[in-house]
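Hi everyone, thanks for coming. Have a look at the screen while I bring up the sequence and the structure, and then I'll walk you through what we can say about it.

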Amino acid sequence: MNDLQVGERPSYDVAIIGAGPIGIELAVCLQQAGVRYIHFDAHQLGYTMSWWPRNTNFFSTTERLAIAGVPIQNNHQQRITGEDYLAYLRSVVEQFDLMINTYEPVTTLIRTADGFELETAPLAGPRHYRAARVVLAIGDMEWPNRLDIPGEDLPHVSHYFRDPHEYFRRRLLIVGGKNSAAESALRCWRAGAEVTISYRRPQLDSERIKHWLLPDLQAQIEAGVIGFLPATTLLEITPTHALLAPVGGGAPFAHPTDFVLLNTGFHGDQSLLRMAGVELRGENRVPVFDPATMETNVPSLYLAGTVAAGVQQRYTLFIENCHEHAGKITQAITGRWPARLGSVASRNYELAFEQIQAN
Ligand SMILES: Cc1cc2nc3c(=O)[nH]c(=O)nc-3n(C[C@H](O)[C@H](O)[C@H](O)COP(=O)(O)OP(=O)(O)OC[C@H]3O[C@@H](n4cnc5c(N)ncnc54)[C@H](O)[C@@H]3O)c2cc1C
């Protein structure tokens, strides 16, 4: 952590907010370019991956997840889990000896005449900083999409699927019909839970479910070993039941269950964008920025990573197509494309290499 005396308001060239993979990749680029930056995360680094279900594999292959030119090696040459990736991110941070102020959420971001003022909220109390430029690398999954129904905060209800073991030989109602619902249903059923899915549409979302999961799930539903309640909405959760209503009318009915898993998706926290004056457009509240530099309509405020996609209904930005954000921002700030970006085997590295040659 960076040292700070009480009452001091230190000043930096750049403040990076968010230490997910893209924030970390940008930190390597800025460090290597000799830029004086400070880096914050509200939680531990890689927080988004830390709440993924245990042993969940990326669909992205390793070379597309690698950051800052550091390859991901493993003993099976296949897709890695969230836990594997967290270990990799920790090694990248150790390799470059990056300083990250973890557990220090940025709560206020104000544009001033010559840069930005930031207020953070670590447990010890508020701190204040100044930075000439700010990069928001805060992702797009900070909060679960709540249903705002009675019973949503009961202890047997969760928006986070962590471990199928919790549901062994218990009744589990899963709400949702996209990929996470499908993955949770199959894993929990295979782990010995009695699973039922409630989805508001008449059919599962075949476009949003991994192609190898869909036939598997459909086969279990047809065999009657996983229950499916299509075209139903959840009205209320009690300690023993879920109250469901048929979409389009009909009498609500009580479905007995021990646990409820709300696989209703996640969204980013756009409060810092709003506070700083970033314009958000359309249904997906997409921030306005220049795709050549990633600079927003607020001068010297940049976006790196999936935050640039707004509230993604359909995912368009992933780790693999965000590496170039770190390159564009580094180039905008230092005038040079970074030497280390993406992985040796990825398209991004080839792009970076072409740009280095062109410089
Ligand atoms: C189950 C699951 C599987 C997935 N599989 C893939 C996959 O295969 N490939 C892929 O590319 N993506 C996948 N994703 C999405 C992936 O998690 C994101 O693409 C990735 O995390 C985005 O990286 P990022 O650096 O932009 O943001 P994030 O990793 O979300 O990092 C943002 C960071 O900002 C911090 N932060 C937020 N607000 C503040 C604040 N106010 N102050 C300080 N810090 C703050 C957060 O704590 C967090 O650490 C998956 C997601 C899930 C849930």
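So, which of the residues around the ligand come nearest? There are 29 residues around the ligand, and the ones that come nearest are Asp41, Thr48, Phe59, Ser60 and Ile319. Just keep in mind that this is a predicted model.

Let's look at some polar contacts. Serine 60 has a polar side-chain atom that sits 2.8 Å from a nitrogen atom of the ligand. Proline 21 uses its backbone instead: a backbone N or O atom there lies 3.4 Å from an oxygen atom of the ligand. Isoleucine 319 also brings in its backbone, with a polar atom 2.8 Å from a ligand oxygen atom. And how much of the ligand does the protein bury? On its own the ligand exposes 990 Å², and the protein buries 91% of that.

Now, what is the shell around the ligand made of? By class, you get 19 nonpolar, 8 polar and 2 charged residues. Helix 1, residues 21-32, and helix 2, residues 47-50, are the elements that give two or more residues to this shell. Helix 2 gives the most, with 3 residues.

Okay, let's zoom out to the whole chain. The domain assignment gives domain 1, which is 11-143 plus 266-358, and domain 2, which is 146-262. Their C-alpha centres lie 33 Å apart. In the contact between them, domain 1 puts in 13 residues and domain 2 puts in 10.

About 1,000 Å² is buried between the two domains, and carbon and sulfur atoms give 42% of that. Which residues in domain 1 lose the most area to domain 2? Those are Trp51, Arg54 and Arg314, and together they make up 42% of what the domain 1 side buries.

That's my tour, thanks for listening!

Notes: Residues are numbered from 1 along each chain as its sequence is written. This is a predicted model: local features need pLDDT of at least 70, side-chain atom pairs count only at pLDDT 80 or more; totals for chains, interfaces and linings use all residues. Side-chain values use heavy atoms; hydrogens and water are left out. A residue is near a molecule or strand if one of its heavy atoms lies within 4 Å of it. A polar contact is a pair of N or O atoms within 3.5 Å; within protein, one must be able to donate a hydrogen and the other to accept it, and residues adjacent in sequence count only if both atoms are side-chain atoms. Accessible areas come from the Shrake-Rupley method with a 1.4 Å probe; for residues, only the protein chains shown count as cover. Helices (H or I, at least four residues) and strands (E, at least two) are DSSP runs, numbered from the N terminus. Ala, Val, Leu, Ile, Met, Phe, Trp, Tyr, Cys and Pro count as nonpolar, Asp, Glu, Lys and Arg as charged, and the others, Gly among them, as polar. Domain bounds come from an automatic or database domain assignment. Contact means heavy atoms within 4.5 Å. Buried area is the accessible area (1.4 Å probe) that two parts lose on being put together, summed over both.
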